[in-house]
Amino acid sequence: MSDDGAAGTYPVEWEADVVLRDGTTTHVRPIRPGDADALQRFHVGQSERSTYLRFFAPLQRLPPRDLERFTQVDHRDRVALVAVRPRSAGPDADGAGPGIEGSHDADQHPDGVDIIGVARFDRTSAHEAEVAFNIADAAQGRGLGSVLLEHLAAAARERGVRRFTADVLPQNGRMLAVFREAGYDVHQQMDDGLVVVSVDLDPTERSRAVMADREHRAEARSMQGLLGATSVVLVGPPDPADGRDASIEGLLAHRALAALARGDGTVHVVGPSVPTTVPAAEPDEPGESRRPGGARVVAHTSLAAVPGPVELAVVALRPPEAIDAVRRLARLGVRGVVVLSAGYAETGEEGLALRRELLRAAHTAGLRVIGPASYGLVTTGTSAQHPRLAATLADDLPAPGVVGLFCQSAPMAVTLLATTARRGLGVSTFLSAGHRADVSGNDLMQYWQDDPATQVVCLYLESIGNPRKFTRIARRLASVKPVVVVTAGRSGHVVPPGHAVRSTRAPRRTLEEMLRQSGVIRAENTHHMIDIAQLLAHQPLPEGRRVGVLASSASLAALVAEAVVSAGLVVSHTDFLPEDASPERVAEAVGAAYAPDACDVVVAVQVPTVRPRRADVSHAVARAAARTRRTTVASMLGLHGMTDELSAPDPHAPADGAAATARCRVPAYSTPEDAVAALGAVVRYAAWRETDHGVPVRPSGLDPDRARSIVERALAGAPGRDLGPADAAELLDCYGIRVWPARRVGTADEAVAAADEIGWPVALKSTAAALRHRADLGGVRLVIADEAELRADVEQMRAALAAVVPSAADAPFEVQAMADAGVACVIRSTEDQLFGPVVSFGLAGDAVDLLDDVAYGVPPLTDVDVAAMVRSVRAAPRLFGYMGAPVVATGALEDVLARVSVLADDLPEVRSLELHPVVVSEHGAAVLSARISLGDAQRADTLRRALPG
């Protein structure tokens, strides 16, 4: 929050950069008193029809009184959001230096911005507000209305508003469509010639799906604008008269220029000199160079001289000059900028401020940012729909293929590109996000989902800035295309210099569980990732986990079979071919391995010890794999990656012009263990693809409005607090979780009175922190049947506990009714700054805690996720009749776990929640104790769409 004079407290957390339907970006923020002139310009610039639809009357200018009322809001009962862009300044002035001339900075104007959309609400009752929208004529049809509704609804929910109402003229079809298509529960009726619209703001599954779908389309479109660029402008430092600029920025610019010239389309160069080349044809204009089979390269003296439109910019300048250049790029219609140079957040607070300034300049100008410190991007397509683009620092460009490759830092980009080249693995798209200030792996996954050229997605993630969004997008993508992920470190908690990532206290296994829920394939390292990718790119998904082993010796076949079993697969066929096997024996063995019911996948291993390796075996395996379309991997001495020797014509290729050259390729691995490890990962993914993933849990009997009121009441005037037992029970009751009542007592007389009220038998528990739930230390006595026993237990426990924990001598006791005998469990939820809500489940007891036998889930969860959490802990057999014990009501346990997950997802103010114990018997689940701690909401991923800020 910051003070804004007459405006009162200004909610900066409501500011956001967003992607619109056409892939461009805009900035959304609360209105300010200083926006009066911009708002008047916006109003005057509207058509007569738009003005009439908004105000129901012609209104050429806003009267001073209305202008003041519209811009002076309290941000609580009267809220207004505006979408802004830099105010156009006309043609750039020249003469301020090569490439950085003049000023196109929005801040040169008194108000600095143009408003292109306004959304506001005025509270009419405690939980209801009247809403109105107005979108600039030129900005209509770009999805700005739906974006503003999302952001205004999020602001309203924070202020306790649960319903919007609006009076809309029947002919205002666009606004009616915004309400109707938002996915909320909408009610319409005619009243005196107007359409009265009522919108319930509580999120529904449909509204969440609508927002996710809009987010997907917008972000995919923004990536298409970058990756499909055919016109590029490169801006770098000017070369001195006596040669090239030797600064790091100069070297970056020339490396990028060399790569850009090998792509398609047109490259405009501002700053660096263009090397003399032999033109392929007569230049079209002075300063243009033409490389055979490459791009048109045109040199310019300044950005002002570059003719628009230009789709992509590549910038290699120091931060201040780069930011100034980004502000000027809007004039050219640029959709995105690749920042190759560094010097931002990795240098400290001053650099972080520069990064924020870069993002603000780009997003308000409608640009996406790749970088800073990016290694660039490459697309290898050869068609008009997928042009070849090489905005990169790489000397050698990857070959065309079906693998989409994403990484962050430049050093890892060098390694990954070299590895794919060495393996002969083709790439459809490559992008290095550098410090990941804006464009991230989430954006690329949105694009790759609809990209026909990309069939396999590989991500090397040094940091994950928004895990909840990653989970949502990755799960959607993995259901149609395989996603292979490597993280820096097992925990994924690494924060490299230059990356702005929220801190986390989540357990190290949280990331692993998040990836499992998402359906992605977790690779151990980059070597393993490429192993998996080459199998996915060139072989069909396995239809099962039965493995046929074909080896060059009996001992080798036995070793491979052991590796197969260790990978969780089943050996269904084994054969070996001695080094002197006849051609007939080779044909027989290969035929048996690929017989119709022999197996689902084949592992072929050939490592001769005396004779040279025979090519007839590899040829026979490749032909059989192509004929049967059976998933096959190989480990053959001297072969690695994708080789011609392990390929054969594909008889199943479509009957078109490409069929004659289509080939089935079997990936080759350095060791049999590598081959089996890759195969095991792909088999598990194929099984996940075929599994029912369930539906999001939303149990009956929920009252989130009452829960929200309880939280707001508890936090009124306080940044955080622990709820007492009564308040915790009341909050849990809003989600259908009943906590068994317990009476706190100090004496034996009070204990007996409580037991008489509750009903015998009872349990007696110490409330001392060190002894809660510790029956082993004497902190719990169970099945107390009468008054005499209870009085004796009170005295004995007090004396015994004082000897063990002296501070517990004066602690009160709790008396509670006895639950049915069963298995004691613990359900917890923690609100993490990075991951958001993290729900955990385990059986109660020291052994479980010490062994970390706990399952984690990141809401929202499906019913299948919940069931998997209960069954995934190692102690789960105790729930299902272990050693003759009765089978408990796991359905009731799953219901409690599901309700906790929904509560945690709905209420980011719930910092921590613990249900301990939850005793699960044959007849149900009893929640015997609950603890809840509240704090201010700090969740990174909300329902409103927003780019990194």
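Helix α1 (residues 36-45) packs against helix α3 (residues 64-71) at an angle of about 115°, and their axes are 10 Å apart. Keep in mind that this is a predicted model. If you wonder what those two values are for, a pair of packed helices is described by the angle between the axes and the distance between them. The crossing of α1 past α3 is right-handed. On the α1 side, the contact is made by A36, L39 and Q40, and α3 brings in L67, F70 and T71. What kinds of residues are these? The contact of α1 with α3 has 4 nonpolar residues, 2 polar ones and no charged ones.

Now for a sheet further along the chain. This one is open, with 4 strands in the order β26-β25-β27-β28 and parallel pairing. Which strands stand at the edges? Those are β26 (570-576) and β28 (631-636); each has a single partner strand, so one side of each is left without a neighbour in the sheet. From one strand to the next, the twist averages 15°.

Look at the pairing of β25 (residues 546-551) with β26: the two run parallel and are joined by 6 bridges. One residue pair to look up is V547, which has V571 in β26 as its bridge partner.

Two helices go with this sheet, and here is how they sit on it:

| Helix | Strands involved | Direction |
|---|---|---|
| α16 (residues 583-593) | lies across β25, β26 and β27 (601-606) | about 175° to β26 |
| α17 (residues 615-628) | touches β25, β27 and β28 | about 170° with that of β28 |

So β25 and β27 turn up in both rows, with α16 lying across them and α17 touching them.

Conventions
Residues numbered from 1 in each chain as written. Predicted model: local features only at pLDDT ≥ 70, side-chain atom pairs only at ≥ 80, totals over all residues. Heavy atoms only, no water. Axes fitted to C-alpha atoms, helices over the stretch in contact; angles between N-to-C directions. Left-handed = near helix turned anticlockwise from the far one by under 90°. Contact = heavy atoms within 4.5 Å. Nonpolar A, V, L, I, M, F, W, Y, C, P; charged D, E, K, R; others polar. Pairing = 2+ DSSP bridges.
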